[in-house]
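Q: I am new to this structure and would like a close look at one part of it. Please go step by step.

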Amino acid sequence: NGKIGGLAVQAGRWDECTSTANILDTTVDGVKVSYGDKVKVYGMALKGADDGLTNTADAADRIYVVGAEGKIGVVNAYANYFKASEAVWTTKKNADKKVVADKTTEKEIYNVGANLDVAKDLNLAYEYMWADKAYDERVSKDGWVATLAYKGADAATPGTWGVSATYFDQPFNAVLSPTTDASTFLTEGGYKGYGLVANYTLAKNIVAELSYYDTDAKATNSDSQLLYADLYFTF
């Protein structure tokens, strides 16, 4: 990490989570160049560090990202363009109308999003994403995610707490390597459903969190319900 002229440069291996974890969140090798302060523009040339890219076949695959993020009045906003090249897995129907795996040479996705405080301690976030084509013909090319969050546990302040509710509608076509604790059904067209999270700071640097997710596959009848607890220690 460092500066070259007025540009901030990051090179090597890192966990890239572009704006949110809803489209791309994975370990990558590459270079990221950004410019700006209150409004930042950036570009990235990446490859998968291993087989962690959900919709790409191996570490030879390439991902390119350009985007911008910044604060406009009381709104934090962002916009991105993603292009994954080489061996991107897709699904489509063959002559017998059976769904089969195929490959394409590239996959293109766009997203825009924003979040703002709609009241004291209450934040609303919304993200819309769409692909240039239906790589999985069973589902739509576009999706969205919305989150409403109230307060939030601060690890440094015992007794603080927060709750949030999120709704997902994310088809396979509009994601690359998303991260969520819910079941994503990426071989079944993607996922839709909701998640509820509550957290509380038990003591300084000790935060307890309880989560529940209920998601359904967009192209099949599969569904999943997940309830679990986490205990975070920071030091």
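Is Lys218 buried, partly exposed or exposed, and what is its relative accessible area?

A: Lys218 is partly exposed, with a relative accessible area of 23%. Keep in mind that this is a predicted model.

Start with the partner of Lys218. Lys218 forms a salt bridge with Asp169. The closest N and O atoms of the two are 2.6 Å apart. Asp169 sits in strand 10, residues 161-171. Lys218 sits in the loop between strand 12 and strand 13. The pair therefore links distant parts of the chain, 49 residues apart. The two ends are not covered to the same degree: Asp169 is buried, with a relative accessible area of 17%, whereas Lys218 is partly exposed at 23%. The line between these classes is drawn at 20%, so Asp169 falls on the buried side.

Now step to strand 12, residues 206-217. Thr215 lies in this strand. Thr215 is buried, and its relative accessible area is 1%. The side chain of Thr215 reaches the backbone oxygen of Ser183 at 3.1 Å. Leaving aside residues up to four places away in sequence, Thr215 touches Ala182, Ser183 and Phe185. Its list of contacts also includes Tyr191, Lys192 and Gly193. Asp223 and Ser224 are on that list too.

Strand 12 also holds Tyr212. Tyr212 pairs with Tyr194, which lies in strand 11, residues 190-203. The two are 18 residues apart. A pair of aromatic rings is described by the distance of the centres and the angle of the planes. For Tyr194 and Tyr212 the centres are 6.2 Å apart and the planes meet at 50°. That pair is tilted, because stacked needs planes under 30 degrees apart and edge-to-face needs over 60. Tyr194 is partly exposed, at 34% relative accessible area. Tyr212 is partly exposed as well, at 27%.

Other aromatic groups come next. A search of the whole structure finds 9 aromatic pairs. One of them joins Tyr126 and Trp144. Their rings are stacked, with 6.0 Å centre to centre and 25° between the planes. Tyr126 belongs to strand 8, residues 122-131, and Trp144 to strand 9, residues 142-151. The pair thus ties together parts that are 18 residues apart in sequence. Tyr126 is partly exposed, with 43% relative accessibility. Trp144 is partly exposed too, with 29%. There is also an aromatic cluster, made up of Tyr81, Tyr110, Tyr128 and Trp130.

Some rings meet a charge instead. Lys107 lies over the face of Phe172, 4.1 Å from the ring centre. The charged end of Lys32 sits over the ring of Tyr42, 5.5 Å from its centre.

Return to the salt bridges. The structure holds 5 of them. Asp29 and Lys47 meet in one, at 3.5 Å from N to O. Asp29 is in strand 3, residues 25-35, and Lys47 is in strand 4, residues 39-48. This pair links distant parts of the chain, 18 residues apart. Asp29 is buried, with a relative accessible area of 17%. Lys47 is partly exposed, with 26%. Arg13 joins in as well: Arg13, Asp29 and Lys47 are linked in a network of salt bridges.

Another salt bridge connects Asp136 and Arg138. Their closest N and O atoms are 2.8 Å apart. Asp136 counts as buried, at 1% relative accessibility. Arg138 counts as partly exposed, at 27%.

Last, the setting for these details. The protein has 0 helices and 13 strands. Read along the sequence, the pattern is β-β-β-β-β-β-β-β-β-β-β-β-β. Of the 235 residues in the protein, 37% are buried. Asp169 is one of the buried residues, at 17%. Take the contacts between residues at least 6 apart in sequence: 49% of these join residues at least 24 apart. The accessible surface comes to about 12,200 Å², and 55% of it belongs to carbon and sulfur atoms.

Methods
Residues numbered from 1 in each chain as written. Predicted model: local features only at pLDDT ≥ 70, side-chain atom pairs only at ≥ 80, totals over all residues. Heavy atoms only, no water. Phe/Tyr/Trp six-rings, centres within 6.5 Å; stacked < 30°, edge-to-face > 60°. Helix = DSSP H or I, 4+ residues; strand = E, 2+ residues; numbered from the N terminus. Buried < 20%, exposed > 50% of the residue type's maximum accessible area, 1.4 Å probe, protein only. Lys NZ or Arg CZ within 6 Å of the ring centre and 35° of its normal. Polar contact = N/O pair within 3.5 Å; in protein donor to acceptor, adjacent residues only side chain to side chain. Contact = heavy atoms within 4.5 Å. Areas by Shrake-Rupley, 256 points an atom, 1.4 Å probe, with all protein chains shown as cover. Salt bridge = Lys/Arg side-chain N within 4 Å of Asp/Glu carboxyl O.
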